Amino acid sequence: MSTDAIVLLRDDHKAIRKLFREFEKAGQDAYATKGRVVDKIIEALTVHTYIENECMYPEVRKLAPDLEDDILESYEEHHVADLLVGELATMKPEDERFTAKTTVLIESVDHHIDEEENEWFPKVREELGRKQLQEIGARMIELKKKAPTSPAQPSALKKTIDAVIS
């Protein structure tokens, strides 16, 4: 298995987008299916944004300071996703705005993934060597083991609060 940070993040993106498509394919009144899929989306996004915010972004910011604007935008996009995830975690699939809120989350995260993969990752790969990306990836793998899986966990809440006051 590769420890290249970009490869690991692309794998996460692929799994997250698969969940998005599952949600979109569920029927309008498929509340149980939508609820299960959204629970998986919440967990996947909570873990993913945690490892990016706690490891990938700070490391790239330190090693490639000219990419700071991209990183700051990514932090803000994560913050928006965190807010929506936090709200969805308190809702029932039957709630009037559940599907609409999930759709907005999907659209926002799809946009973020496209920007990362098409614009940011190539810049990062150009700036950082293979060895640095493998070292970051190895740290991300370790961090993932203890990453929060729910937006209500203290480490996930801290990440959300840090985004507001930083």
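**Exercise 1. Contacts along the chain**

Determine what share of the contacts in the protein chain between residues at least 6 apart in sequence join residues at least 24 apart.

*Solution.* In this predicted model, 76% of the contacts between residues at least 6 apart in sequence join residues that are at least 24 apart. Turning to the elements, the protein chain has six helices and zero strands, which run α-α-α-α-α-α from the N terminus on. The radius of gyration is 16 Å, close to the 15 Å that the globule rule gives for 166 residues, so the protein chain is as compact as a globular protein of that length. Of these 166 residues, 44% are buried.

**Exercise 2. An aromatic pair between helices**

Classify the ring pair of Tyr57 and Trp120, and state which helices hold the two residues.

*Solution.* The structure holds three aromatic pairs. In the pair of Tyr57 and Trp120, the ring centres lie 5.5 Å apart and the planes stand at 85°; because planes over 60 degrees apart count as edge-to-face, the pair is edge-to-face. Tyr57 belongs to helix 2 (residues 31-63) and Trp120 to helix 4 (residues 98-127), so the pair ties together parts that are 63 residues apart in sequence.

**Exercise 3. Burial and the cluster**

Decide whether Tyr57 and Trp120 are buried or exposed, and identify the aromatic cluster to which Trp120 belongs.

*Solution.* Buried means under 20% relative accessible area. Tyr57, at 0% relative accessibility, therefore counts as buried, and Trp120, at 3%, likewise counts as buried. Trp120 also forms a tilted aromatic pair with Phe121, with 6.0 Å centre to centre and 45° between the planes, and Phe121 is buried as well. Finally, Tyr57, Tyr75, Trp120 and Phe121 form one aromatic cluster.

Note on methods:
Residues are numbered from 1 along each chain as its sequence is written. This is a predicted model: local features need pLDDT of at least 70, side-chain atom pairs count only at pLDDT 80 or more; totals for chains, interfaces and linings use all residues. Side-chain values use heavy atoms; hydrogens and water are left out. Helices (H or I, at least four residues) and strands (E, at least two) are DSSP runs, numbered from the N terminus. The radius of gyration is taken over C-alpha atoms; the globule rule is 2.2 Å times the number of residues to the power 0.38. Buried means under 20% relative accessible area, exposed over 50%, partly exposed in between (1.4 Å probe, protein chains only). Contact means heavy atoms within 4.5 Å. Rings of Phe, Tyr and Trp (its six-membered ring) pair if their centres lie within 6.5 Å; planes under 30 degrees apart count as stacked, over 60 as edge-to-face and the rest as tilted.
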